[in-house]
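Got your viewer open? Then grab the mouse and follow along, one selection at a time.

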Amino acid sequence: MEAKIIPAALTRPLRHRVLWQHIEHEEDCVIDIDEREDAVHLGVFDGAELVSIGSLFRMHSDKIAHAKQYRLRAMATDPKLRKAGAGRLLIEKACEECKARGAEVLWCDAREVALGFYAKLGFEMIDELYEVRNIGPHKFMYRDL
């Protein structure tokens, strides 16, 4: 498997299939800042097949004190390849890309079902669970770079 930077449009099929089934059309699985200058979209490929995705944005959260922060959004792995290392590879690439851009920390709003995954990769949790409309319970998590 190989992780690399991809165009935002390539993230939409997995976003739709894995994360946002409540959105009617795949082409509408867009984050309003997908094309922002600091946006970085990552994909993990198993051969020619895109099996894991995530998007990075320079964003600040007051929940952590770090000056230079990046946020991970819309991370998804094809269910048939979970536990095969694709998600771990994506997080490693995300940390590498954030560090290269001067970030001190990577943070995310993690779905309740993914808390263990992020914890195993060195992320720490803050706060209680909170509800994200149409999606479900989440927790704020971060990892020092």
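Start by selecting strand 4 and strand 5: these two pair in the parallel sense, over four bridges. Keep in mind as you click around that this is a predicted model. To see one spot in the pairing, pick Q69, which stands opposite V105 in strand 5. What holds paired strands together? Strands of a sheet pair through backbone hydrogen bonds, either parallel or antiparallel.

Stay on strand 4, which covers residues 69-77. How many of its nine residues are buried? Eight of them are, so strand 4 is mostly covered, a residue counting as buried when its relative accessible area is under 20%.

**The neighbour on the other side**

Now add strand 3, residues 49-58, to your selection. Strand 3 and strand 4 run antiparallel and are joined by six bridges. Click S55 and look for its bridge partner in strand 4, which is R73.

**The whole sheet**

Time to select every strand. You should have an open sheet of seven strands, in the order 1-2-3-4-5-7-6 and with mixed pairing. Which strands sit at the edges? They are strand 1 (2-6) and strand 6 (124-132), and each of these pairs on one side only. Ignoring direction, neighbouring strands in the sheet are turned against each other by 25° on average.

**Out to the hairpin**

Head to strand 6 and add strand 7, residues 136-144. This pair runs antiparallel, with six bridges joining the two strands. Select E124 and you can trace its bridge partner in strand 7, Y142. The two strands form a hairpin with three residues between them. Pick N134, in the loop between strand 6 and strand 7. Its phi is near 70°, a positive value in a residue other than glycine.

**Another positive phi**

Next, jump to K83, in the loop between strand 4 and helix 2. K83 isn't a glycine either, yet it has a positive phi of about 70°. Is K83 buried or exposed? With a relative accessible area of 85%, K83 is exposed, because the cut-off for exposed is over 50%.

**Along helix 2**

From K83, move on to helix 2, residues 86-100. Helix 2 has 15 residues and reaches 21 Å from its first C-alpha to its last, close to the 21 Å expected at 1.5 Å a residue. Colour the buried residues of helix 2: A86, G87, L90, I91, K93, A94, C95, E97 and C98. Here's a handy idea while you look at them: an α-helix has 3.6 residues a turn, so residues three or four places apart point the same way.

Zoom in on A94, which belongs to helix 2. Why does A94 count as buried? Its relative accessibility is 0%, so A94 falls under the 20% cut-off. Try the distance tool from A94 to L106: these residues are 12 apart along the chain, and their C-alpha atoms are separated by 8.3 Å. Just after helix 2, stop at G102, which takes a positive phi of about 85°.

For another distance, start from A100 and go to E24. They are 76 residues apart along the chain, and 36 Å separates their C-alpha atoms. E24 is in the loop between helix 1 and strand 2 (40-46). Its relative accessible area is 68%, so E24 counts as exposed, the cut-off being over 50%.

**Last stop: the largest pocket**

Finish with the largest pocket, which has a volume of about 1000 Å³. Of the 37 residues that line this pocket, select the closest to its centre: M75, A76, A114, F117 and Y118. Which elements give two or more residues to the lining? They are helix 1 (12-19), strand 4 (69-77), helix 2 (86-100), strand 5 (105-111) and helix 3 (115-120). Strand 4, where you began, gives the most to the lining, with seven residues. Now colour the lining by residue type: you'll get 22 nonpolar, six polar and nine charged residues.

Methods: Residues numbered from 1 in each chain as written. Predicted model: local features only at pLDDT ≥ 70, side-chain atom pairs only at ≥ 80, totals over all residues. Heavy atoms only, no water. 1 Å grid on protein atoms, 1.4 Å probe; cavity = no way out; pocket = protein on both sides within 12 Å on 5 of 7 lines; lining within 4 Å. Points joined across faces, edges and corners; volume = space filled by probe spheres on them. Nonpolar A, V, L, I, M, F, W, Y, C, P; charged D, E, K, R; others polar. Expected span 1.5 Å × (residues − 1). Buried < 20%, exposed > 50% of the residue type's maximum accessible area, 1.4 Å probe, protein only. Pairing = 2+ DSSP bridges. Axes fitted to C-alpha atoms, helices over the stretch in contact; angles between N-to-C directions.
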